[in-house]
Amino acid sequence: MTKDEAVDVVRGYLQGQVLGSTEEEIALDAPLLEWGILTSLTTVRLIGHLQTAHGISIPHDQVVGSNFATIDSIAKLIAELSGTPARA
């Protein structure tokens with residue numbers, strides 16, 4: 001999965017399943033953890049969604065705050081794990 005595809009997947013999931021609204025897009029650099037959009041529970045649910053719906057397995061040692069701080073950081077991680085490193 002490319003970084004752009006990962007952005008769409010993560011943003012869509014967070015807006016639809018966590019926030020319950022797709023009216024306003026979450027910015028790529030919005031602080032998901034600080035704003036409480038991602039909590040321990042919603043992070044586990046997001047990881048489960050990525051695994052079941054998209055076949056992306058995130059190793060336990062990659063589940064750290066820096067990888068889940070923003071949509072951009074999550075998308076970069078997904079792209080790297082998918083074998084399509086993100087471009088700067």
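A salt bridge is a side-chain nitrogen of Lys or Arg within 4 Å of a carboxyl oxygen of Asp or Glu. In this predicted model, the side chains of Arg-11 and Glu-25 meet in such a bridge, at 3.3 Å from N to O. A search of the whole structure finds three salt bridges. This briefing covers those bridges, the packing of helix α1, and the surroundings of Ala-75.

**Arg-11 and Glu-25**

- Arg-11 lies in helix α1 and Glu-25 in the loop between α1 and α2, so this salt bridge ties together parts that are 14 residues apart in sequence.
- Arg-11 has a relative accessible area of 13% and is therefore buried, because buried means under 20%.
- Glu-25 has a relative accessibility of 61%, so Glu-25 counts as exposed, the cut-off for exposed being over 50%.

**The network of Lys-3, Asp-72 and Lys-76**

- Side chains of opposite charge can pair when their charged atoms come close.
- Lys-3 and Asp-72 form a salt bridge through their side chains, with 2.5 Å from N to O.
- This pair links distant parts of the chain, as Lys-3 is in helix α1 and Asp-72 is in helix α3 (residues 71-81), 69 residues apart.
- Lys-3 counts as buried, at 18% relative accessibility.
- Asp-72 is also buried, with a relative accessible area of 18%.
- A further salt bridge joins the side chains of Asp-72 and Lys-76, at 3.3 Å from N to O.
- Both Asp-72 and Lys-76 lie in helix α3, four residues apart, which is about one turn of the helix.
- Lys-76 is partly exposed, at 34% relative accessibility.
- Through salt bridges that share partners, Lys-3, Asp-72 and Lys-76 are joined into one network.

**How α1 packs against α2**

- Two packed helices are described by the angle between their axes and the distance between the axes.
- Helix α1 covers residues 3-19 and helix α2 covers residues 40-54; their axes come within 11 Å and cross at roughly 125°.
- That angle makes α1 oblique to α2, because it falls outside the range of 65 to 115 degrees for roughly perpendicular and is not over 145, the cut-off for roughly antiparallel.
- The crossing of the two helices, α1 and α2, is right-handed.
- From α1, the residues in the contact are Val-9, Val-10, Tyr-13 and Val-18; they meet Thr-42, Arg-45, Leu-46, His-49, Leu-50 and His-54 in α2.
- By type, the residues of this contact divide into six nonpolar, three polar and one charged.

**The buried residues and the end of α1**

- The buried residues of α1 are Lys-3, Ala-6, Val-7, Val-9, Val-10, Arg-11, Tyr-13, Leu-14 and Gln-15.
- Helices α2 and α3 are included in what covers these buried residues of α1.
- Gly-20, just after α1, takes a positive phi of about 75°.

**Ala-75 in α3**

- Ala-75 is found in helix α3.
- Its relative accessible area is 0%, so Ala-75 is buried.
- Leaving aside residues up to four places away in sequence, Ala-75 touches Lys-3, Ala-6 and Val-7.
- Lys-3, Ala-6 and Val-7 are among the buried residues of α1.
- Ala-75 and Tyr-13 are 62 residues apart in sequence, and their C-alpha atoms are 12 Å apart in space.

Definitions and conventions: Residues are numbered from 1 along each chain as its sequence is written. This is a predicted model: local features need pLDDT of at least 70, side-chain atom pairs count only at pLDDT 80 or more; totals for chains, interfaces and linings use all residues. Side-chain values use heavy atoms; hydrogens and water are left out. Axes are lines fitted to C-alpha atoms, for helices over the stretch in contact, and angles run from 0 to 180 degrees between N-to-C directions. Angles under 35 degrees count as roughly parallel, over 145 as roughly antiparallel, 65 to 115 as roughly perpendicular and the rest as oblique. A crossing is left-handed if the near helix is turned anticlockwise from the far one by less than a right angle, and right-handed if clockwise. Contact means heavy atoms within 4.5 Å. Ala, Val, Leu, Ile, Met, Phe, Trp, Tyr, Cys and Pro count as nonpolar, Asp, Glu, Lys and Arg as charged, and the others, Gly among them, as polar. Buried means under 20% relative accessible area, exposed over 50%, partly exposed in between (1.4 Å probe, protein chains only).
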